[in-house]
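Trainee: I would like to learn how to read a structure like this one, feature by feature. Where shall we begin?

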Amino acid sequence: FVAKDGGKTRFYFTGKRLIFDQERYLLGMGVDVSQRYQAEVALLREKTFSDAIIDSLPGPFYLLDDRGRVIRWNRRHEEVTGYSADEIAVMSPLDYFEGAEKELVDSQIQKVFSEGAAEVEAHIVRKDGERTPYYLRAVRQTIGNETYFIGFGVDFTARKQAEEALVRSEELLRQALGAV
C-alpha cells in the first residue's frame, strides 16, 4: 500500500482479516515500512553500481571467502577461463593453474590471508587447455567479522611477446657481430 504524506511517498505493509461474530467485521492493520523499502532501494542501487564497475574491468576479478571459495567474479573472468558461472561457482581458484604454478599460486593465496597482499605471474589455463600469462594481484579485506580475498588479473601476453622478440633480436645482433 502506498500513501502520500505531505508530498512524501510512504510504504505500508498491510494485512486484513475477516472476523465472523454476531456481525461480520473487517480487522485491518498497516505497518510503515518506508525506511526498510528505502534501504532496500539504496542497497540495490549500490549493488548495481558495484557490479557495473566490476564488470567493466579489463581483466578477471575474483572474490574469495576465508575458505578459499570463489564467491564473486566478473564476466571477464568467465571469458578468460572459458568456464560458465555454474562451473566457476564450484571450482577452486587453483583449478585454473597447472604444475609448479599451481603450488606457487597456492602459496600466494596463503600469503594474502597471512600478510594482507600478494602478487604472482602465472599462466591461467582455460577450460580448453589454452595457457595465457597473467599478472595476478590480491589483497585481504575484512568486512564485519568476515575476511575476504579480492583479486584481479592482467593479461601480459604482449609483454611476454615483446620480451621474447628482444631476446631474439639480441641473439641475432650477437651473431651478426660475431660474423664480422
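Mentor: This is a predicted model. Begin with the contacts of one residue, leaving out residues up to four places away in sequence: I71 touches L63, L64, D65 and Y148.

Trainee: Where does I71 sit, and is I71 buried or exposed?

Mentor: I71 belongs to strand β5. Its relative accessibility is 40%, so I71 counts as partly exposed; the class runs between the cut-offs of 20% and 50%.

Trainee: How far is I71 from Q35 in space?

Mentor: Sequence separation and distance are read as two separate numbers. I71 and Q35 are 36 residues apart along the chain, and their C-alpha atoms are separated by 29 Å.

Trainee: Which residues does A85 touch?

Mentor: Not counting residues up to four places away in sequence, A85 touches W73 and E78. The C-alpha atoms of A85 and W73 are separated by 8.7 Å, with their positions twelve residues apart along the chain. A85 is in helix α3, residues 85–88. With 30% relative accessibility, A85 counts as partly exposed.

Trainee: Where is G30, and how far is G30 from E164?

Mentor: G30 lies in strand β3, which covers residues 24–32. From G30 to E164 the C-alpha distance is 72 Å, for a separation of 134 residues in sequence. Beyond residues up to four places away in sequence, G30 touches F13 and T14. Its relative accessible area is 48%, so G30 is partly exposed.

Trainee: Now the interior. How many residues make up the largest nonpolar core?

Mentor: A core is read as a network of buried nonpolar side chains in contact. Here the largest one has 22 residues, and those with the most contacts inside it are I88, Y96, F97, V105, I124, L136 and F149. The elements that give two or more residues to this core are β4 (61–64), β5 (70–73), α4 (99–115), β6 (117–125) and β7 (131–143). The largest share, four residues, comes from β6.

Trainee: Take F97 from that list. What does F97 touch?

Mentor: Leaving out residues up to four places away in sequence, F97 touches K102, V105, A122, H123, I124, V125 and L136. Among these, V105, I124 and L136 are also listed with F97 for the most contacts inside the core.

Trainee: How many cavities of 30 Å³ or more are there?

Mentor: A cavity is a space that a probe fits into but cannot leave. The count at that volume comes to one, and the largest cavity has a volume of about 220 Å³.

Trainee: Which residues line the largest cavity?

Mentor: The lining has 19 residues, of which Y62, F97, V105, L136 and F149 lie nearest the centre of the cavity. By class, the lining residues divide into 15 nonpolar, two polar and two charged. At least two residues of the lining come from each of β4, α4, β6 and β7.

Trainee: F149 has come up twice. Is F149 buried or exposed?

Mentor: F149 has 5% relative accessibility and so counts as buried.

Trainee: How many aromatic pairs does the whole structure have?

Mentor: Two rings are paired by the distance between their centres, and the angle between their planes then gives the type. The search finds three aromatic pairs. In one of them, F113 and F149 are 5.8 Å apart centre to centre, with 40° between the planes, and the pair is tilted. F113 lies in helix α4 and F149 in strand β8 (residues 146–155), so the pair ties together parts that are 36 residues apart in sequence.

Trainee: Which residues do ring pairs link into a cluster?

Mentor: Y62, F113 and F149 are linked by ring pairs into a cluster.

Terms used. Residues numbered from 1 in each chain as written. Predicted model: local features only at pLDDT ≥ 70, side-chain atom pairs only at ≥ 80, totals over all residues. Heavy atoms only, no water. Core = buried A, V, L, I, M, F, W, Y, C linked by side-chain atoms within 4.5 Å. Buried < 20%, exposed > 50% of the residue type's maximum accessible area, 1.4 Å probe, protein only. Contact = heavy atoms within 4.5 Å. 1 Å grid on protein atoms, 1.4 Å probe; cavity = no way out; pocket = protein on both sides within 12 Å on 5 of 7 lines; lining within 4 Å. Points joined across faces, edges and corners; volume = space filled by probe spheres on them. Nonpolar A, V, L, I, M, F, W, Y, C, P; charged D, E, K, R; others polar. Phe/Tyr/Trp six-rings, centres within 6.5 Å; stacked < 30°, edge-to-face > 60°.
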